[in-house]
Amino acid sequence: MLPELPSHTQEKDCIISDDELMSLHGDSDDDNPKRSIIFNPGKDLEDPTFEFLINMIFSNSKEFKWDVEVHAVMKKKDIKFLKNETQRSRAICKVPNCKWFIFASKANQDEPFQIKTIGPDHEYGNQRDNKTIDSGFLAKKYIEDFRINPSWGVKEFQAHIMRTHKCTLSRYQSYRAKKKATKLITGTKEEQFNMLWDYCAELRRSNSGTTCILKMDDNPTMMVRGKKRFLRLYICHAATKQGFLAGCRPIIGVDGCHLKGHQKGGQLLTSVGVDGNNNMYPVAFAVVEGELKETWHWFLTLLDEDLRISQILVRGLLFQISKRV
């Protein structure tokens, strides 16, 4: 059991109040200490001199916990949460005998989540071995940096964190942080699958004339959690289609290869042409369940419709016949 806190640190439920709310960056000159302050994560945490205040309001307990963790890392302090619930949350310093703590709560759903009590300042210096800085924290904090620079190396990321936050960080932690950030950016496989329809619609909108065929398995026995199973996807961009018809040689090459990744099985079918410089020119591709006669027939039929191969061959044949006649 946790030791009982002194009377001045006891957790107090949120008291209903009609006091006016204000922003920390407001223009008011009123110094009324009873007035509540709305936390602004976009500005407050960027200020190195920022400190939490009594009655400061947060959206919910999750925002409060995250902001306290970021603030602790900025101050190079190691903290832990003794309580982390929807209605209340309390953090203390991990250093023995340090009396710093912070407690926030809300009395009911209609009341804001706000800071009720804050203990004295930290009594000890910076903690280099800071357990708050783990892979999950780094992934969330640096997600935008990884989004802008996905090729950011693990070794370089590790050096940046150790230099910026003056802490110890293993290479494995850096690797896990990058992996988690990448997963947050790309989303889960289920989330990516649910975006296929939007992806096809965006292709047709942004490049009018693009052929994008998404085929699902109609067999009810193959449904997954009540949803149809993905079967095939064919894409032929309008720009590449027009480029092939306008400036490529009348030669088409097709091939297939196995797909590697999180999915199980599947093949990629492709078709390429030859441009005026004898370079390969991609025309269309399809993701299918396997390299089968049925899938090749489906792929080549759609390719024939896009490039009007049959029509061109028929016109060429008629032209040859007319010349002979």
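Six phenylalanines, Phe39, Phe50, Phe52, Phe58, Phe64 and Phe113, gather into one aromatic cluster. That is a good place to start looking around this structure, which is a predicted model.

**Aromatic rings**

How many aromatic pairs are there? The count comes to 18 aromatic pairs. One of them joins tyrosine 234 to tryptophan 298 in an edge-to-face arrangement, with the ring centres 6.3 Å apart and 80 degrees between the planes. Tyrosine 234 belongs to strand E9 (residues 230–236) and tryptophan 298 to helix H9 (residues 293–307), so this pair ties together parts that are 64 residues apart in sequence. Are the two partners buried or exposed? Tyrosine 234 is buried, with a relative accessible area of 0%. Tryptophan 298 counts as buried too, at 15% relative accessibility. As background, a pair of aromatic rings is described by the distance of the centres and the angle of the planes.

**Charges over rings**

Rings also have charged company here. Lysine 65 lies over the face of phenylalanine 81, at 5.5 Å from the ring centre. In a second case, the charged end of lysine 141 sits over the ring of tyrosine 142, 4.9 Å from the centre of that ring.

**Salt bridges**

Side chains of opposite charge can pair when their charged atoms come close. In this model the count comes to 10 salt bridges. Three of them are set out below, each with its N to O distance.

| Positive partner | Negative partner | Distance, N to O |
|---|---|---|
| Arginine 205 | Glutamate 202 | 2.5 Å |
| Arginine 229 | Aspartate 217 | 3.0 Å |
| Lysine 241 | Aspartate 306 | 3.2 Å |

Let us take these pairs in turn. Where do arginine 205 and glutamate 202 lie? Both are in helix H7 (residues 196–206), 3 residues apart, which is about one turn of the helix. Arginine 205 counts as exposed, at 58% relative accessibility, whereas glutamate 202 is partly exposed at 37%.

The salt bridge between arginine 229 and aspartate 217, with its closest N and O atoms 3.0 Å apart, links distant parts of the chain: both residues sit in the loop between strand E8 (211–216) and E9, 12 residues apart. Arginine 229 is partly exposed, with 30% relative accessibility, while aspartate 217 is buried, with a relative accessible area of 14%.

The side chains of aspartate 306 and lysine 241 meet at 3.2 Å, N to O. Their salt bridge links distant parts of the chain, with aspartate 306 in helix H9 and lysine 241 in helix H8 (residues 238–247), 65 residues apart. Are these charged residues buried or exposed? Aspartate 306 counts as buried, at 9% relative accessibility, and lysine 241 is buried as well, with a relative accessible area of 12%.

Salt bridges can also be followed through a group of residues: Arg232, Glu289 and Glu294 are linked in a network.

**A nonpolar patch on the surface**

Which residues make the nonpolar surface patch? Ile252, Val254 and Leu300 do, and the patch covers about 220 Å². Valine 254 lies in strand E10 (residues 252–258). At 42% relative accessibility, valine 254 counts as partly exposed, because that label spans the range between under 20% for buried and over 50% for exposed.

**Helix H9 as a meeting point**

To finish, look again at helix H9. Tryptophan 298 in helix H9 pairs across the sequence with tyrosine 234 in strand E9, and aspartate 306 in helix H9 is linked with lysine 241 in helix H8.

Notes. Residues are numbered from 1 along each chain as its sequence is written. This is a predicted model: local features need pLDDT of at least 70, side-chain atom pairs count only at pLDDT 80 or more; totals for chains, interfaces and linings use all residues. Side-chain values use heavy atoms; hydrogens and water are left out. Rings of Phe, Tyr and Trp (its six-membered ring) pair if their centres lie within 6.5 Å; planes under 30 degrees apart count as stacked, over 60 as edge-to-face and the rest as tilted. Helices (H or I, at least four residues) and strands (E, at least two) are DSSP runs, numbered from the N terminus. Buried means under 20% relative accessible area, exposed over 50%, partly exposed in between (1.4 Å probe, protein chains only). A charge sits over a ring if NZ of Lys or CZ of Arg is within 6 Å of the ring centre and within 35 degrees of the ring normal. A salt bridge is a side-chain nitrogen of Lys or Arg within 4 Å of a carboxyl oxygen of Asp or Glu. Patches are made of residues with over 30% relative accessible area and no salt bridge: like charges are joined within 9 Å, nonpolar side chains (Val, Leu, Ile, Met, Phe, Trp, Tyr) within 5 Å. Accessible areas come from the Shrake-Rupley method with a 1.4 Å probe; for residues, only the protein chains shown count as cover.
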